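Q: Please take a close look at the aromatic side chains of this protein, and set them in the context of the rest of the chain. I would like the reasoning spelled out step by step.

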Amino acid sequence: MRTENFLTVLGANVRMNYKNTLIPSILLLLVIPLLYGTADLDCIKSADCLERMVALVGIPMFTSLFYREQSHDLYGMVALRPLSFRVVAALRIGISMAGTFALVMVFEIYMRTCGSIFPMGVYAVRTFAACMVLGFAGLLCSSVVKSTIAGYLGAFCFYFVVQAGTGDSMFKPVTTGIHPLLVLFICSAGAAGLLFCKPSYH
């Protein structure tokens with residue numbers, strides 16, 4: 001495939017999804033300082049903020065990636081060629097992953113400028129993992145049920161169950177570190193999301 005065609009597909013998918021992914025995520029990050037507070041936090045409180053609040057960015061960044069394909073009328077306009085649908089879907093996930101990591105880094109820089117003290121690199125990777133856990137949980141639910149609303153509901157239910165749990169959990173990577181089983185969960189959920197993302201009517 002030519003570079004021009006790839007860039008066309010890339011640009012089309014960015015334009016198609018940024019209103020449902022990037023904009024809600026940015027708005028969420030803007031609200032966090034008002035709800036939680038980000039100034040003069042130590043390592044423990046910074047980790048809690050990143051894990052409880054910033055990780056929520058993963059839900060809008062991933063859950064609605066395939067919402068257009070869940071409409072029979074719209075699918076014909078967004079099933080781009082010459083790439084197969086699942087390749088396009090994987091490309092969208094890759095774009096969202098890059099965007100998510102960038103948002104996490106920007107917010108961490110903001111926290112540091114507000115006087116919070118924490119290891120930026122380590123916490124950035126861990127927060128990114130937490131975002132992907134929630135995002136891929138929503139993406140999987142959305143792909144299986146063929147409903148973006150169900151994806152959001154599943155992701156938020158998963159979030160509340162994890163946060164309600166006591167003690168260490170592999171689903172809290174910012175505070176407990178990235179467990180190998182967490183990596184397996186993320187990879188499995190992403191692969192399953194790609195497997196089920198293709199519309200049943202196509």
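A: What follows begins with the overall fold, turns to the aromatic pairs, and then takes up the charged, sulfur-containing and nonpolar side chains and two backbone positions.

The model is predicted, and its protein chain comes to 10 helices and 0 strands. Of the 202 residues in the chain, 43% are buried.

Within this helical setting, a search of the whole structure finds 8 aromatic pairs. A pair of aromatic rings is described by the distance of the centres and the angle of the planes. For Phe-62 and Phe-136 the ring centres are 5.2 Å apart and the planes stand at 85 degrees, so this pair is edge-to-face. Because Phe-62 belongs to helix α4 (residues 58–62) and Phe-136 to helix α7 (residues 120–145), the contact ties together parts that are 74 residues apart in sequence. Both Phe-62 and Phe-136 are buried.

Another of the pairs joins Phe-158 and Phe-185, whose ring centres are 5.9 Å apart with the planes at 5 degrees, so these rings are stacked. Since Phe-158 is in helix α8 (residues 148–164) and Phe-185 is in helix α10 (residues 180–196), the parts tied together here are 27 residues apart in sequence. Phe-185 has 25% relative accessibility and therefore counts as partly exposed, the lower limit for that class being 20%. Phe-158 and Phe-185 also belong, together with Phe-171, to one aromatic cluster.

An aromatic ring also takes part in a contact with a charge: the charged end of Arg-112 sits over the ring of Phe-118, at 5.7 Å from the ring centre.

Turning to contacts between charges, side chains of opposite charge can pair when their charged atoms come close. The structure holds 1 salt bridge, which is formed by Asp-48 and Arg-52, with their closest N and O atoms 2.7 Å apart. These two residues are 4 residues apart in helix α3 (residues 43–52), so about one helical turn separates them. Asp-48 is partly exposed, with a relative accessible area of 24%, and Arg-52 is likewise partly exposed, with a value of 33%.

As for the cysteines, the search of the whole structure finds 0 disulfides. The cysteine sulfur closest to that of Cys-141 is in Cys-157, and because it is 8.6 Å away, it is too far for a bond; the cut-off for a disulfide is 2.5 Å. Cys-141 counts as partly exposed at 28% relative accessibility, whereas Cys-49, at 0% relative accessibility, counts as buried.

On the surface, a nonpolar patch is formed by Leu-22, Ile-23, Ile-26, Leu-27 and Leu-30, which together have about 430 Å² of accessible area. One of these residues, Leu-27, lies in helix α2 (residues 22–35).

Two loop residues deserve a separate word for their backbone angles. Most residues other than glycine have a negative phi. Asp-40, although not a glycine, has a positive phi of about 55 degrees, and this residue is found in the loop between α2 and α3. With a relative accessible area of 61%, Asp-40 is exposed. Lys-146, which is not a glycine either, has a positive phi of about 65 degrees and lies in the loop between α7 and α8. At 30% relative accessibility, Lys-146 counts as partly exposed.

Notes. Residues numbered from 1 in each chain as written. Predicted model: local features only at pLDDT ≥ 70, side-chain atom pairs only at ≥ 80, totals over all residues. Heavy atoms only, no water. Phe/Tyr/Trp six-rings, centres within 6.5 Å; stacked < 30°, edge-to-face > 60°. Buried < 20%, exposed > 50% of the residue type's maximum accessible area, 1.4 Å probe, protein only. Lys NZ or Arg CZ within 6 Å of the ring centre and 35° of its normal. Patch = residues over 30% accessible without salt bridge, like charges linked within 9 Å, V, L, I, M, F, W, Y side chains within 5 Å. Areas by Shrake-Rupley, 256 points an atom, 1.4 Å probe, with all protein chains shown as cover. Salt bridge = Lys/Arg side-chain N within 4 Å of Asp/Glu carboxyl O.
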